[in-house]
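Me: I would like to go through this model with you before I return to the bench. Could you take my questions one at a time?

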Amino acid sequence: MVLITTAVVMAVGIWLPFSPMAPAIHLQPLPAGFFVYVPLVLLAYCALTQLVKMLYLRRFKSWL
């Protein structure tokens, strides 16, 4: 359920600036280059989170 909800919110967030109501709420479509960097930033975030988790587990040998 969480993944589906997240995907729906992301889709609406991407679609909204391209929608007919975008001018009414002062939105502009993002440049295409933005969509190239988003997956890279998300991948870097996931990798960094995994690294910190591994370091934490190695240091404290428990989840909490």
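Reply: The exchange below goes from the overall form to individual residues.

Me: Before anything else, what kind of model is this?

Reply: It is a predicted model. Every value discussed here is computed from it.

Me: How many helices and strands are there in the chain?

Reply: The chain has 2 helices and 0 strands. Its radius of gyration is 18 Å, well over the 11 Å that the globule rule gives for 64 residues, so the chain is more spread out than a compact globule.

Me: What does the C-alpha trace span along its principal axes?

Reply: The trace spans about 55 × 30 × 15 Å.

Me: And how much of the chain is buried?

Reply: Buried residues account for 5% of the 64 residues. The chain exposes about 5,900 Å², and carbon and sulfur atoms supply 79% of that area.

Me: Where are the helices?

Reply: Helix H1 covers residues 2–15, and helix H2 covers 32–60. A loop lies between them.

Me: Does the length of H2 add up? What should its 29 residues span?

Reply: At 1.5 Å a residue, the 29 residues of H2 should span 42 Å. The end C-alpha atoms of H2 are 43 Å apart, which agrees with that expectation.

Me: Which distances can you give me along H2?

Reply: Two pairs can be described. Phe34 and Ala44 are 10 residues apart along the chain, with their C-alpha atoms separated by 15 Å. Val36 and Leu55 are 19 residues apart along the chain, and their C-alpha atoms are separated by 30 Å.

Me: Are Phe34 and Val36 buried or exposed?

Reply: Both residues lie in H2. Phe34 counts as partly exposed, at 38% relative accessibility. Val36 has a relative accessible area of 52% and is therefore exposed, the cut-off being over 50%.

Me: Changing topic: which residues make the nonpolar surface patch?

Reply: The patch is made by Met1, Ile4, Val8, Val12, Trp15, Met21, Ile25 and Leu27, and its area is about 810 Å². One of these residues, Val12, is found in helix H1. Val12 has a relative accessible area of 43%, so it is partly exposed.

Me: Now the loop between H1 and H2. Is Ser19 buried or exposed?

Reply: Ser19 lies in that loop and counts as buried because its relative accessibility is 5%, under the 20% cut-off. A polar atom of the Ser19 side chain lies 2.7 Å from the backbone oxygen of Leu16.

Me: What about His26 in the backbone sense; what is its phi?

Reply: His26 has a positive phi of about 60°, although this residue is not a glycine. Most residues other than glycine have a negative phi. His26 is found in the loop between H1 and H2, and it is exposed, with a relative accessible area of 72%.

Me: Which residue just after H2 takes a positive phi?

Reply: That residue is Lys61, with a phi of about 55°. Lys61 belongs to the segment after H2.

Me: Is Lys61 buried or exposed, and which backbone oxygen does its side chain approach?

Reply: Lys61 counts as exposed, at 71% relative accessibility. A polar atom of its side chain lies 3.4 Å from the backbone oxygen of Arg58.

Me: How far is Lys61 from Ala44?

Reply: Lys61 and Ala44 are 25 Å apart in space, C-alpha to C-alpha, and 17 residues apart in sequence.

Me: Last one. Where does Arg59 lie, and how far is it from Phe18?

Reply: Arg59 lies in helix H2 and counts as exposed, at 63% relative accessibility. Arg59 and Phe18 are 41 residues apart in sequence, and their C-alpha atoms are 47 Å apart in space.

Conventions
Residues are numbered from 1 along each chain as its sequence is written. This is a predicted model: local features need pLDDT of at least 70, side-chain atom pairs count only at pLDDT 80 or more; totals for chains, interfaces and linings use all residues. Side-chain values use heavy atoms; hydrogens and water are left out. Patches are made of residues with over 30% relative accessible area and no salt bridge: like charges are joined within 9 Å, nonpolar side chains (Val, Leu, Ile, Met, Phe, Trp, Tyr) within 5 Å. Accessible areas come from the Shrake-Rupley method with a 1.4 Å probe; for residues, only the protein chains shown count as cover. A salt bridge is a side-chain nitrogen of Lys or Arg within 4 Å of a carboxyl oxygen of Asp or Glu. Helices (H or I, at least four residues) and strands (E, at least two) are DSSP runs, numbered from the N terminus. Buried means under 20% relative accessible area, exposed over 50%, partly exposed in between (1.4 Å probe, protein chains only). A polar contact is a pair of N or O atoms within 3.5 Å; within protein, one must be able to donate a hydrogen and the other to accept it, and residues adjacent in sequence count only if both atoms are side-chain atoms. The expected span of a helix is 1.5 Å times one less than its number of residues. The radius of gyration is taken over C-alpha atoms; the globule rule is 2.2 Å times the number of residues to the power 0.38.
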